[in-house]
Amino acid sequence: MNAKTQNTVIVTVNGTEVDAAPGELLIHVAARAGADVPTLCHDPRLDPMGSCRMCLVEIEGQRRLQPACAWHVTDGMDVTTESDRIERHRQTLLSMYMADHAIDEATKLPQQRGVGNELLDLVLKHGTGPELTHIGTPREGREDNNPYIHFDPEACIACARCVRYCDEVEAVSAITLAGRGAKTTIATADQIGLLDSTCEMCGGCIDTCPTGAMTEKPSLKAPEPEKVVRSTCNFCGVGCQLDLHVADDQVVRITSPEPGTTLNDGNLCIKGRFSYEFIHHEDRLTTPMIRRDGVLEPASWDEAIEYAAKGLMGVRDRHGADALGFVSSSRCTGEENYLVQKLSRAAFGTNNCHQCAAT
Ligand code: SF4
Ligand code: SF4
Ligand code: FES
């Protein structure tokens with residue numbers, strides 16, 4: 001039995017009582033009660049929009065089904081998330097989405113593009129209702145030569161997650177819903193390319209898109225990943241978590257872990273999300289090099305460290321410790337930066353140490 005306090009209300013979901021904050025969104029309360037309410041336009045990082053109608057549930061006293069993602073709970077609410085009526089609604093809605101969506105001809109299912117396809121998952125889980133004639137409304141397809149983001153208007157369900165992410169999380173507002181009715185699509189103001197707009201190429205629109213209508217261009221032709229490895233971005237010291245998608249021992253795509261699971265909350269910047277080609281670039285140094293008689297030669301780490309230490313000690317002995325300066329990088333961890341200043345002060349005796357992020 002849950003106890004109501006001044007700061008909680010009690011809501012019943014599928015017969016289970018749960019505590020909730022007054023005004024909390026029903027979708028979160030239902031999840032705590034163990035209910036699996038399907039969504040398409042919902043992203044926990046964004047203000048509710050209630051546009052896709054996938055999350056409709058029964059609320060005692062309400063004649064119509066209501067959207068769990070946009071409904072604020074009140075004390076004593078009695079909610080049902082699974083019933084024949086709700087399942088009929090879900091199947092009919094999925095039929096309507098499928099009737100105006102890019103379909104994989106072989107499977108007659110929504111195309112799998114990029115990472116995950118929430119619409120495809122829902123069709124596979126709930127099935128569809130009446131078979132509706134495919135509309136195939138031609139939408140404005142914007143030619144965009146930007147190197148990172150591919151947009152497929154036929155796969156877009158106009159949920160506006162990309163638009164709201166760009167607006168509410170990035171505060172950039174580079175894209176918008178354009179057109180009306182079945183011709184609604186995603187575009188930039190004045191239909192200019194993303195590179196000419198205010199877009200920062202963070203790729204958050206790709207990440208939130210539930211259908212793959214917005215996809216990462218470079219990885220479109222990449223082989224199917226065999227595994228996903230969690231890692232930490234080393235482009236700056238924030239420490240954003242990354243999921244590296246690996247095929248044939250090569251990183252073929254980078255995504256962010258789910259919102260709410262790591263410190264970057266599902267967000268990445270252009271470098272963290274798209275800059276991975278360097279990892280396997282043929283010009284990349286994979287071993288230390290020592291210049292001997294003007295020629296760079298591969299060396300072991302022990303040789304290289306000893307060589308550098310001798311050179312630095314030689315300068316100190318000839319010109320004094322303050323002839324040396326140590327500069328570390330914001331790409332290093334806090335511990336590594338600490339060690340550089342320790343090396344500078346304790347090992348060589350100079351306070352000439354700096355870190356690039358300090359300027
Ligand atoms: S890449 Fe980022 S800034 Fe550009 S449109 Fe997408 S969300 Fe907006
Ligand atoms: S591109 Fe994706 S996120 Fe944007 S409106 Fe279309 S389906 Fe939704
Ligand atoms: S997820 Fe609730 S209306 Fe779209």
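Two strands pair if DSSP finds at least two bridges between them. The views below come from a predicted model.

**View 1. Strand 12 and strand 13 pair in the antiparallel sense.** The pairing of strand 12 with strand 13, residues 241-247, runs over 6 bridges. One of the bridge partnerships joins threonine 232 to glutamine 241 of strand 13. Strands of a sheet pair through backbone hydrogen bonds, in either a parallel or an antiparallel arrangement.

**View 2. An open sheet is formed by 3 strands.** The strand order is 12-13-14, with antiparallel pairing. Strand 12 (227-232) and strand 14 (250-255) are the edge strands; each has a single partner strand, so one side of each has no neighbour in the sheet. On average, neighbouring strands of this sheet are turned by 35° against each other, direction ignored.

**View 3. Ligand 1 is surrounded by 13 residues.** The closest of these are Cys166, Ala174, Cys199, Cys202 and Cys205. Helix 4 (161-169) and helix 5 (204-208) are the elements that contribute two or more residues to the shell around ligand 1. Sorted by class, the shell around ligand 1 holds 9 nonpolar, 2 polar and 2 charged residues.

**View 4. Ligand 2 has 14 residues around it.** Those that come nearest to ligand 2 are Cys156, Cys159, Cys162, Cys209 and Ala213. The shell around ligand 2 consists, by class, of 11 nonpolar, 2 polar and 1 charged residues. Cysteine is counted as nonpolar here, so the cysteines of this shell fall in the nonpolar class.

Technical notes:
Residues are numbered from 1 along each chain as its sequence is written. Chains are lettered from A and ligands numbered from 1 in the order in which they are written. This is a predicted model: local features need pLDDT of at least 70, side-chain atom pairs count only at pLDDT 80 or more; totals for chains, interfaces and linings use all residues. A residue is near a molecule or strand if its C-beta atom, placed from the backbone, lies within 6 Å of it. Helices (H or I, at least four residues) and strands (E, at least two) are DSSP runs, numbered from the N terminus. Axes are lines fitted to C-alpha atoms, for helices over the stretch in contact, and angles run from 0 to 180 degrees between N-to-C directions.
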